[in-house]
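Reader: I would like a close look at one part of this model, namely its salt bridges and the helices that carry them. Please take the charged pairs in turn and then follow the helices outwards.

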Amino acid sequence: MPTKSAAEEAAAEAERWAGVSARWSAASHPEVWAARPGDETAVIPQVDPRVDLQRRARRWSYPLENCDLADLTRFAAALARAEAEAWAAGDGVVATQAFEERRYLAADRIVPWAVPWLLAVAEYFPGEHRGAESTAQELLGFGERHRLAPVLSGTEGLNPPGHDGYGPADAPNRLPDRIGSLWGGLVLMSSRPDDLEARYTAAAIAWRDLAGRYPGAARYWLDLASRADLTAKIAK
């Protein structure tokens, strides 16, 4: 059977990104956004990507609004449509630029934080469990198709010294800051009393399992596993 053209592939991906945006917006799940806004700063308070995101969006004359998951996935869908249109028009330069911009957006500004956030939503909001988990699977699928963060032979040169894919590998060093941030290895959606050492030890195992099942983005989950190990050690 004939394979899809590059334009058709990009157009199909645009529909998948648009579907994520429609399913996970403040309008579709207001209770989730009220409890934990769906943006990167909500789960990694140490990071504010908005200036960089706005700069990238301006290149494409795209109006980013609040940089939450719905907003960023709409941007990804727009980039995929731009790629499809460029391929159809025979403009390989613009098509390649749109693809590279979308891959960057997914790799650095969507998948690493949105997958853990959605998995936490699934735990904290049982009524949304199915939708949150299936959306996380959709994003993991993008990671596999584009191999956003595979495990390469060694890590030298991938990140600055002392850093992993999220930031400074040993930061934050205070336990209260770690349990409120994905940088600690787990997004805690609730304030339930818990054995933090056991919880983070279990999280490290879960991240490593996710890395084994989704090798295309395994580097993220292995970094989170190492961070969860450190949080468990600090909590001991």
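Author: What follows treats the salt bridges, then the helices, and finally the largest pocket. The model is a predicted one, in which local features need pLDDT of at least 70 and side-chain atom pairs count only at pLDDT 80 or more, while totals for chains, interfaces and linings use all residues. Residues are numbered from 1 along each chain as its sequence is written, and side-chain values use heavy atoms, with hydrogens and water left out.

The structure holds 16 salt bridges, a salt bridge being a side-chain nitrogen of Lys or Arg within 4 Å of a carboxyl oxygen of Asp or Glu. In one of them the side chains of Glu 101 and Arg 59 meet, at 3.5 Å from N to O. Because Glu 101 lies in helix α6 (residues 92–109) and Arg 59 in helix α4 (residues 50–59), this pair ties together parts that are 42 residues apart in sequence; helices here are DSSP runs (H or I, at least four residues), numbered from the N terminus. The two partners differ in setting, since Glu 101 counts as buried at 7% relative accessibility, whereas Arg 59 counts as exposed at 52%; buried means under 20% relative accessible area, exposed over 50%, and partly exposed in between, with a 1.4 Å probe and protein chains only. Both residues also belong to a network of salt bridges that links Asp 52, Arg 55, Arg 56, Arg 59 and Glu 101.

Another salt bridge joins Asp 48 to Arg 50, with the closest N and O atoms 2.7 Å apart. Asp 48 is partly exposed, with a relative accessible area of 47%, and Arg 50 is partly exposed as well, at 43%. Arg 219 and Asp 223 form a further salt bridge, their closest N and O atoms being 3.4 Å apart, and both of these residues are buried. They lie in helix α11 (residues 218–235), four residues apart, which is about one turn of the helix. An α-helix has 3.6 residues a turn, so residues three or four places apart point the same way.

Helix α11 is also a partner of helix α8, for the buried residues of α8 pack against α1, α6, α7 (111–124), α10 (196–213) and α11. Among those buried residues are Ala 132, Thr 135, Leu 139, Phe 142 and His 146. The 18 residues of α8 (residues 129–146) should span 26 Å at 1.5 Å a residue, and the end C-alpha atoms are 26 Å apart, which agrees; the expected span is 1.5 Å times one less than the number of residues. Just after α8, Arg 147 takes a positive phi of about 45°.

In helix α1 (residues 6–23) one finds Ser 21, which counts as buried at 5% relative accessibility. The side chain of Ser 21 reaches the backbone oxygen of Ala 70 at 3.0 Å. Leaving aside residues up to four places away in sequence, Ser 21 touches Ala 70, Thr 73 and Arg 74, where contact means heavy atoms within 4.5 Å.

Helices α6, α7 and α11 each supply at least two residues of the lining of the largest pocket. That lining has 20 residues, of which Ala 107, Asp 108, Asn 159, Gly 165 and Tyr 220 lie nearest the centre of the pocket. On a 1 Å grid over the protein atoms alone, where a 1.4 Å probe fits, a pocket is an open set of points with protein on both sides within 12 Å along at least five of seven lines, and lining residues have an atom within 4 Å of a point.

Definitions and conventions: A polar contact is a pair of N or O atoms within 3.5 Å; within protein, one must be able to donate a hydrogen and the other to accept it, and residues adjacent in sequence count only if both atoms are side-chain atoms.
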